[in-house]
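Open your viewer and put the model in the middle of the window. We will walk through it stop by stop, selecting one piece at a time.

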Amino acid sequence: MHPLSFLSPKTTVTQSPIHGRGLFANEDIAKDEIVAIKGGHTVTREILAELRPALGSAEIQIAGELFICPVHDEEREGSMIFSNHSCEPTIGVCGQIVFVAMRTIRAGEELTHDWAMTDDDDEEPMTCTCGSPSCRGVISGKDWQRADLQQRYAGYFSSYLAHKIQQVSNKE
Ligand SMILES: C[S@@+](CC[C@H](N)C(=O)[O-])C[C@H]1O[C@@H](n2cnc3c(N)ncnc32)[C@H](O)[C@@H]1O
Ligand SMILES: [Zn+2]
C-alpha cells in the first residue's frame, strides 16, 4: 500500500531512546526544510475515541475537534510520522500537517516536535521521557497556553493553535 504520510528521504524510522520507534535524520537537514507530511483521514474527536483502542496513538490534531489519522489497521504504519514528543524539539509545524526543521538538524539526530505545537485536549497528562535538560516532566494537552512556549515556538504552532493564541492575545 502506498503510504498515506510523506517522510523525507533524509529521514529513517528506528528505535528511539524516548519511546518505541522515532524519526531520525540520516543526513543533515536545513532549517525550514520539510521533513514529514501527515496523511490519513479527517475524523472527529468522537470517532478518534472509537478508533483509539484498535489503532493507539497515531493522530495529529488539525482543529479543535478534528484529527488526521489512519482508520484501518493496514493504514496505520503508512500514516505514522513517528515524531516523538521532546521538550527540546527539532521540528515544528507549518500549517497543520506539514512538519519542518526548526534549525539545522545533523545526521543521527532524532526529529521530535513539542506536542504543545499541535495538541489542545483534556486528556490525562503524559509523563515525559524525552530526557532533555529542560524537560517539563509532565506534558498536558493545554501546554499551548504557556506563555514561555508560545514565545519559543512562534511560527511553528499548528495554524489552528496560532489562531487561538492570537485570539486570546487580542482579548487581553
Ligand atoms: C504517535 S506515537 C509516536 C511514535 C511511537 N514512538 C511509536 O513507536 O509508535 C505517540 C506515542 O509515543 C509515546 N511518546 C512519544 N513521545 C514521548 C515522550 N516524550 N514521553 C513519553 N512517551 C512518549 C507515547 O506513548 C505516545 O502515545
Ligand atoms: Zn520532556
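Two strands pair if DSSP finds at least two bridges between them. Helices (H or I, at least four residues) and strands (E, at least two) are themselves DSSP runs, numbered from the N terminus.

Before you select anything, note that this is a predicted model, in which local features need pLDDT of at least 70 and side-chain atom pairs count only at pLDDT 80 or more, while totals for chains, interfaces and linings use all residues. Residues are numbered from 1 along each chain as its sequence is written, and chains are lettered from A and ligands numbered from 1 in the order in which they are written.

**Stop 1: the whole chain**

Show the protein chain as a cartoon and you should find four helices and 13 strands. Its radius of gyration is 15 Å, close to the 16 Å that the globule rule gives for 172 residues, so the chain is as compact as a globular protein of that length. (The radius is taken over C-alpha atoms, and the rule is 2.2 Å times the number of residues to the power 0.38.) Turn the model around: the C-alpha trace spans about 50 × 40 × 25 Å along its principal axes.

**Stop 2: a three-stranded sheet**

Select residues 41-44, 60-63 and 66-69. They belong to an open sheet with the order β5-β7-β6 and antiparallel pairing. Its edge strands are β5 and β6, each of which pairs on one side only. From one strand to the next, the twist averages 40°. β5 and β7 run antiparallel and are joined by four bridges; zoom in on V43 to see its bridge partner F67 in β7. Now add residues 45-55: this is helix α1, which packs on the sheet, touches β5 and β7, and has a direction at about 110° to that of β5. Here a contact means two C-beta atoms, placed from the backbone, within 7 Å. Axes are lines fitted to C-alpha atoms, for helices over the stretch in contact, and angles run from 0 to 180 degrees between N-to-C directions.

**Stop 3: a hairpin**

Next, select residues 91-94 and 98-101, which are β9 and β10. These two strands form a hairpin with three residues between them, and G95 in the turn has a positive phi of about 85°. They pair in the antiparallel sense over four bridges. What stands opposite F99 in β10? V93 does, and A36 stands opposite F99 too. β10 is also joined to β4 (residues 34-37), by three bridges in an antiparallel run.

**Stop 4: the four-stranded sheet and the ligand**

Another open sheet has the order β2-β3-β11-β8, with mixed pairing. The edge strands are β2 (11-15) and β8. Five bridges join β2 to β3, which run antiparallel, and T12 stands opposite F24 in β3.

Now show ligand 1. How many residues surround it? There are 15, and the closest are H19, G20, S57, N84 and H85. (A residue is near if its C-beta atom, placed from the backbone, lies within 6 Å.) β3 (21-25) and β8 (84-85) are the elements that give two or more residues to this shell.

**Stop 5: out to a helix**

Finally, select E74 in helix α2 (residues 73-79). Is E74 buried or exposed? It is exposed, with 8 other C-beta atoms within 10 Å. (Exposed means 12 or fewer such atoms, buried 20 or more, and partly exposed in between, with C-beta atoms placed from the backbone.) Across the whole chain, 38% of the 172 residues count as buried.
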